[in-house]
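Visitor: I've got the model open and would like to learn how to read it. Could you walk me through a few features?

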Amino acid sequence: MDLVQNDEFVIVQRKSQVSLHQLPKKQGKKWTVKIGRDKVDISSVVGKPHGTFKLVREKDGKNSVFTLEPSDEVVEMKDKMKDLNSGENNKEIWDDGTSQQLKKEDIEELRGQGLTGSEIVTQLVENSKTFQIKTEFSQEKYLNKKEEKYSEWVDILKPNIRHLAKHFHSQDPMQILNLRPDTLAMIMSLANIKSNGKFGVFDGGCQGLVTAAILDRIQGHGTVWNLFLKGTPQKRVIQAMNFTPEQLKPLKNCNLYKLKETLAKEENADGDEVPAKMIKLDEDAAPPLEFGSLDGMVIVCRRPTTIAKELVRLLAPSGNFAIFSPYSEPLSETYIQFRECNLAVNLQLTETWFRTHQVLPLRTHPEVNMSGSGGYILSGIKVVS
């Protein structure tokens, strides 16, 4: 059974609220985090299987801290209140702020008395003048909104690429260059990422999300050259994936400035033509990185025009590449460059379009707020003219 371990990352989901947390390194150390408005000792899940947990109140001095206990049954408020009456329409309802008799202070007092989230929502419903004359659809929306604040069930999930991509995109899309999960899946397909291959990735601003996706796809079989310009490569998502040493073994970091210096030295060495390659950066490094040695290449950055043509030279003939940018203009320039020098065939500049839908028993329609664009992808197959 897959159990939660110390020093691991976990995804904490409470209805639509999603957060990423790292558990403490030391066994038995309390680790209090905020989940919505509640303080929760997340260390209470260590040694237990991933899944659904229930918030249980624990008195910690003057502060109320919840612990998490595994739960097999999740009771939603709409199931508890399915027998209540509902109205035919909402024409008699006026939003004048007086329908709810419980004030904020009353709700805080109920929370202080130790009432569960379901009990608080029940009190809110009983003290609402308009709840029972609302339509069934409006009642369900009301209950869903209240459960966002007061739900007593939390999902502790093992991080995967889809969860992490959705989390970072929902928090701040531009910290991963507005790269949506569906766009990331398309990049993996267009670059032909598979086991036992040699791949290069230039992650210029996605917190290591693309590199982590490639490592997750090949599962320890192959080589991934993580290319970067200065400092250290981005690895936030790589750490959050809790990769094993075997899964991380294919990852080889390569500084492009060092690579450029090596190539310049070899070009000036006695005027002889020698294979351009990257020196080994560590003792257990994979065979040196050479021109025409990679099976696939993924480039992700804001302005790929300058660097894309140089990095594609590392691809072997018939190697697939995918270049992502949140803007179309740089990729249009790159597209023209590649066409003029006959560097690739099957060149395609595409934009993924995705819209989420609100699915309810009585109505299904697109959500009001959704992502306008997931960025643009330039893909193709390298050829030698």
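Visitor: Let's start with two rings: are F321 and F338 buried or exposed?

Guide: Buried means under 20% relative accessible area, exposed over 50%, and partly exposed in between (1.4 Å probe, protein chains only). Both F321 and F338 are buried. Keep in mind that this is a predicted model, where local features need pLDDT of at least 70 and side-chain atom pairs count only at pLDDT 80 or more, while totals for chains, interfaces and linings use all residues. Residues are numbered from 1 along each chain as its sequence is written, and side-chain values use heavy atoms, with hydrogens and water left out.

Visitor: How many aromatic pairs are there?

Guide: Rings of Phe, Tyr and Trp (its six-membered ring) pair if their centres lie within 6.5 Å; planes under 30 degrees apart are stacked, over 60 edge-to-face, and the rest tilted. That rule gives one aromatic pair. The ring centres of F321 and F338 are 5.6 Å apart with planes at 85°, so the pair is edge-to-face. F321 sits in strand β12 and F338 in helix α12 (residues 328–340), so the pair ties together parts 17 residues apart in sequence.

Visitor: And what is the strand order in the open sheet of seven strands?

Guide: Helices (H or I, at least four residues) and strands (E, at least two) are DSSP runs, numbered from the N terminus. Two strands pair if DSSP finds at least two bridges between them. Here the order is β10-β9-β8-β11-β12-β16-β13, with mixed pairing. At the edges, β10 (251–255) and β13 (344–351) each pair on one side only. Inside the sheet, β12 (residues 315–325) and β16 (residues 376–382) pair in the antiparallel sense over six bridges, and F324 stands opposite I377 in β16.

Visitor: At what angle do helices α3 and α4 cross?

Guide: Axes are lines fitted to C-alpha atoms, for helices over the stretch in contact, and angles run from 0 to 180 degrees between N-to-C directions. The axes of α3 (residues 117–126) and α4 (residues 136–150) come within 10 Å and cross at roughly 140°. Angles under 35 degrees count as roughly parallel, over 145 as roughly antiparallel, 65 to 115 as roughly perpendicular and the rest as oblique. That makes α3 oblique to α4.

Visitor: Which residues make the contact?

Guide: Contact means heavy atoms within 4.5 Å. Helix α3 brings G117, S118, I120, V121, L124 and V125, and α4 brings Y142, L143, K146 and Y150.
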